[in-house]
Amino acid sequence: PAFPFRLRVIEALNGQLLTQTYYTTPLIREGKVLANPDADILKIVVVNRYRKAAVAKGFIKNVGLKQGAFASSVAHDSHNLIAVGADDKSIQEALAALIPHGGGLSFSLHGNTDVLPLPVAGLMSLQSGEEVAEAYTRIHQAVIHAGSTLAAPYMTLSFMALLVIPALKLSDLGLFDGEDFSFTSWADPIEVS
């Protein structure tokens, strides 16, 4: 069947802050648009850390994750919570794991979540450099083991909410087109004859 819209997707570029816009047919089940890890289309969300607000949702390509989700409170410029995942449950678990610590980096898979706490403004640790390096290496490797093809998945994630760098990013207010400098929708209407 023809879809009345195509999916507007953030296309991450490995090792770069710039992104591109990618279009694809959405995966829809029971009226919901879902991540499609087999096609490397994952869900990305931003949660406002400072006030109650709706969760901003979008889709991202070139992360490569096949299962699970990873999240961070290091998300330039506002440092809201940001997560990318293959399924909603893993995304929720990765985000929820950050809240008791006041922020950090996390990875969740099959109900198991690992966290590098960053309790100082969600950006800094109270642990030694050695302890932070060990925890970071562990969760970085977990994301890679879950399929990510990015050289630095957490670094890439931290810039997916930085609206001033084109082309497409996600803030707590929604999907933002850095070339038109305006908010846009992940559902790009197409005319159906």
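Helices here are DSSP runs of H or I at least four residues long, numbered from the N terminus. By that count, helix 1 of this predicted model covers residues 88-98, and Ser90 sits in it. Ser90 is tucked away: its relative accessible area is 5%, so it falls under the 20% cut-off and counts as buried. Setting aside neighbours within four places in sequence, the residues in contact with Ser90 are Gly68, Ala69 and Ser108.

Helix 1 also turns up in the lining of the largest pocket, where it provides the largest share, 4 residues. That pocket has a volume of about 230 Å³. Strand 5 (41-47) and strand 6 (56-61) join in as well, since, like helix 1, each supplies at least two residues of the lining. Going through the lining by name gives Val33, Lys43, Val45, Val55, Lys57, Phe59, Asp88, Ile91, Gln92, Leu95 and Trp186. Sorted by class, that makes 7 nonpolar residues, 3 charged ones and 1 polar one.

Further along the chain there is a sheet to look at. Its 3 strands run in the order 11-12-13, with antiparallel pairing, and the sheet is open. Strand 11 (168-171) and strand 13 (182-183) have a single partner strand each, so they stand at the edges, with one side of each left without a neighbour in the sheet. Between strand 11 and strand 12 (residues 174-177), the antiparallel pairing extends over 4 bridges. As for Leu170, its bridge partner in strand 12 is Leu175.

Note on methods. Residues numbered from 1 in each chain as written. Predicted model: local features only at pLDDT ≥ 70, side-chain atom pairs only at ≥ 80, totals over all residues. Heavy atoms only, no water. Buried < 20%, exposed > 50% of the residue type's maximum accessible area, 1.4 Å probe, protein only. Contact = heavy atoms within 4.5 Å. 1 Å grid on protein atoms, 1.4 Å probe; cavity = no way out; pocket = protein on both sides within 12 Å on 5 of 7 lines; lining within 4 Å. Points joined across faces, edges and corners; volume = space filled by probe spheres on them. Nonpolar A, V, L, I, M, F, W, Y, C, P; charged D, E, K, R; others polar. Pairing = 2+ DSSP bridges.
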